[in-house]
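Q: Please examine one part of this model closely, namely its largest pocket, and describe the elements around it in a connected account.

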Amino acid sequence: MKKEKSCGAIVFYLKGEKEQILLIKHANSGHWSFPKGHVEAGETEIQTAVREIREETGVNALIDTRFREVVTYSPKKDVIKDVVYFFATTEDYETSNQEEEVSDIKWMDMDKVLPSVSYKNDKELVKKAINFYKNHREEFENDYYNNT
């Protein structure tokens, strides 16, 4: 059995009244999900997540390691893949997609994102990320107001 590992994040934009999540549409499969990609030699999980978010979306993200979820699945016969997802925030609202891998990018209001996410495990993941945000909302608001 071959093992693969990717890392990515559920990226939140939290400015003023906007509480939005970044979704990408994968060019090869057409499903909506979150930015992620394979770990390269010598990279940490966080380095991989930050690099992949930037490559796929043009967005610079700040990773919050208090939220770390692993999704395990079999993308093809005799392969087991772990995808490590973090919670991330960004101040970048402008995006640019990596055309070979991402056919579309959109920001969605946090309370409307679930129907757009393609897979059940991703829906569970985004629910957990939203709950994490809601449980730490005051901290994020304080960070925002202290940095403006």
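A: The model is predicted, and the account begins with the lining of its largest pocket, whose residues divide into seven nonpolar, 10 polar and eight charged. In total, 25 residues line this pocket, and those nearest its centre are His26, His31, Lys36, Tyr73 and Lys81. The space in the largest pocket comes to about 500 Å³. Five elements give two or more residues to the lining: the strands β4 (36–38), β5 (62–73) and β6 (79–90), together with the helices α1 (45–57) and α2. The two helices are taken in turn, followed by the loop between two of the strands and by selected strand residues.

Helix α1 has 13 residues, which should span 18 Å at 1.5 Å a residue, and its end C-alpha atoms are indeed 18 Å apart, so the two values agree. Its buried residues are Glu45, Thr48, Ala49, Val50, Arg51, Glu52, Ile53, Glu56 and Thr57. These buried residues of α1 pack against β4, β5 and β6, and also against β1 (2–15), β2 (18–26) and β7 (102–109). Thus β4, β5 and β6 are contacted by the buried residues of α1 and also contribute to the pocket lining. After α1 comes Gly58, with a positive phi near 80°.

Helix α2 comprises 16 residues, 120–135, and reaches 23 Å from its first C-alpha to its last, close to the 22 Å expected at 1.5 Å a residue. Within α2, the buried residues are Asp122, Leu125, Val126, Ala129, Ile130, Phe132 and Tyr133. Viewed down the helix axis, the buried residues of α2 fall within an arc of 155°, and therefore they line one face of the helix. Lys120 and Asn135, on the other side of α2, are exposed.

The loop between β5 and β6 holds both Lys76 and Asp78. Lys76 has a relative accessibility of 51% and therefore counts as exposed, the cut-off being over 50%. Asp78, at 44% relative accessibility, counts as partly exposed. Although Asp78 is not a glycine, its phi is positive, at about 65°. From Lys76 to Lys134, 58 residues apart along the chain, the separation between C-alpha atoms is 36 Å.

Strand β6, one of the elements that line the pocket, includes Thr89. With a relative accessible area of 17%, Thr89 is buried, because the limit for that class is under 20%. Leaving aside residues up to four places away in sequence, Thr89 touches Phe12, Leu14, Asn60, Ala61, Leu62 and Phe140.

Trp107 belongs to strand β7, against which the buried residues of α1 pack. Trp107 is buried, its relative accessible area being 14%. With residues up to four places away in sequence again left out, Trp107 touches Val11, Phe12, Tyr13, Gln20, Ile21, Leu22, Thr90, Asp92, Tyr93 and Thr95. Phe12 is therefore a residue touched by both Thr89 and Trp107, contact being heavy atoms within 4.5 Å. Trp107 and Lys18 lie 89 residues apart along the chain, and their C-alpha atoms are separated by 10.0 Å.

Terms used: Residues are numbered from 1 along each chain as its sequence is written. This is a predicted model: local features need pLDDT of at least 70, side-chain atom pairs count only at pLDDT 80 or more; totals for chains, interfaces and linings use all residues. Side-chain values use heavy atoms; hydrogens and water are left out. Helices (H or I, at least four residues) and strands (E, at least two) are DSSP runs, numbered from the N terminus. The expected span of a helix is 1.5 Å times one less than its number of residues. Buried means under 20% relative accessible area, exposed over 50%, partly exposed in between (1.4 Å probe, protein chains only). The arc is that of the directions from the helix axis to the C-beta atoms. On a 1 Å grid over the protein atoms alone, a cavity is a set of points where a 1.4 Å probe fits but cannot get out, and a pocket is an open set with protein on both sides within 12 Å along at least five of seven lines; lining residues have an atom within 4 Å of a point. Grid points are joined across faces, edges and corners, and a volume is the space filled by probe spheres set on the points. Ala, Val, Leu, Ile, Met, Phe, Trp, Tyr, Cys and Pro count as nonpolar, Asp, Glu, Lys and Arg as charged, and the others, Gly among them, as polar.
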